[in-house]
Amino acid sequence: KIEITMLFTRASFAIVLLASSASLTRSQAQTQTCIPSSDVFFLHWVDNCSYTEFLERLHDEMLKETPDCSHSATVELELLLGVSAAEAEVLITNECQNKLDAQLTMSWKDVTQKAANGEPIFDQIYFNGGGIWNEQYQTSVENRVPYIPGEPSHVLAYDASRVDDVYESYAEEMKIEFPDGVVKNFDNCPLRAAMCCWVSDRQANDNNGN
């Protein structure tokens, strides 16, 4: 029997294969497999976890550790797991999905936190193209209120600093809930993907067009 454990790290994770003696003894596994069943090895990747990707990474591991192996990564996985190729695919696919489902997920309402602070439709207005994050252009004019000499106002890096906080503290390591439950613009979106477009530059003097 093979126990498969997935360990999540920063924006990547590892699958550790551990062979036990429930189905294959150590000597049996070592005579059948190219990678010793007693070994523990990590397969790291950043992209989606899938059976195909797993086999490709196992193949790379075999080339590195056992270049003289006479059989494929598919056969090696069958021998390690003691199951058929079809069963191995189901097992790996299920483990990938289980670990994805188990990842911590941030509620969309916690992204801007505006609803909790008295602005319940802030997100909806923002994605409609309005609100202070879209419309309050950075300025240094002296007749603005409040005016601080030598300091610009409506600086997006300050006004929307929460976005950077979420990115560095959550988005790089956690899932974020799809906003369709909060923002109607994302209703009925089967692809669950979105792209932002800017028609003008919100910040001054950064020359990046957004």
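Across this predicted model, the average pLDDT is 76, and 71% of the residues score at least 70; pLDDT is the predictor's confidence in each residue, from 0 to 100. Two stretches deserve some care as you look around. Residues 7-14 stay under 50 in pLDDT, and the model gives them 27 contacts beyond four places in sequence, where contact means heavy atoms within 4.5 Å. The pLDDT is also below 50 over residues 19-31, a stretch with 18 contacts beyond near neighbours in sequence. Where pLDDT is low, the predicted coordinates should not be read in detail.

A word on conventions will help. Residues are numbered from 1 along each chain as its sequence is written, and side-chain values use heavy atoms, with hydrogens and water left out. Because the model is predicted, local features need pLDDT of at least 70 and side-chain atom pairs count only at pLDDT 80 or more, while totals for chains, interfaces and linings use all residues.

Now let us take in the whole fold. The protein has nine helices and five strands; here helices (H or I, at least four residues) and strands (E, at least two) are DSSP runs, numbered from the N terminus. Their order along the sequence is β-β-α-β-α-α-α-β-α-α-α-α-α-β. Of the contacts with a separation of 6 or more, 52% are between residues 24 or more positions apart. Of the 210 residues, 28% are buried, a term that means under 20% relative accessible area, with exposed over 50% and partly exposed in between (1.4 Å probe, protein chains only). The protein exposes about 13500 Å², and carbon and sulfur atoms supply 51% of that area; accessible areas come from the Shrake-Rupley method with a 1.4 Å probe, and for residues only the protein chains shown count as cover.

Helix α2 is a good place to zoom in. With 15 residues (51-65) at 1.5 Å a residue, helix α2 should span 21 Å, and its end C-alpha atoms are indeed 21 Å apart; the expected span is 1.5 Å times one less than the number of residues. Which residues of α2 are buried? They are Y51, F54, L55, L58, E61 and M62. These residues cover an arc of only 120 degrees around the axis, which puts them on the same side of α2; the arc is that of the directions from the helix axis to the C-beta atoms. An α-helix has 3.6 residues a turn, so residues three or four places apart point the same way. On the other side of α2, L63 and K64 are exposed.

M62 is worth a second look: this buried residue has a relative accessible area of 4%. Beyond its neighbours within four places in sequence, M62 is in contact with I35, P67, C69, H71, S72, A73 and E76. The C-alpha atoms of M62 and A73, 11 residues apart along the chain, are separated by 7.5 Å.

One of those partners, C69, leads us to the disulfide. A search of the whole structure finds one disulfide, defined as a pair of cysteine sulfur atoms within 2.5 Å. C34 is joined to C69, with an S to S distance of 1.9 Å. C34 lies in the loop between α1 (26-32) and β3 (42-45), and C69 in the loop between α2 and α3 (73-81), so the pair ties together parts that are 35 residues apart in sequence. The torsion about the S-S bond is about 75 degrees, so the disulfide is right-handed. C34 is partly exposed, with a relative accessible area of 22%.
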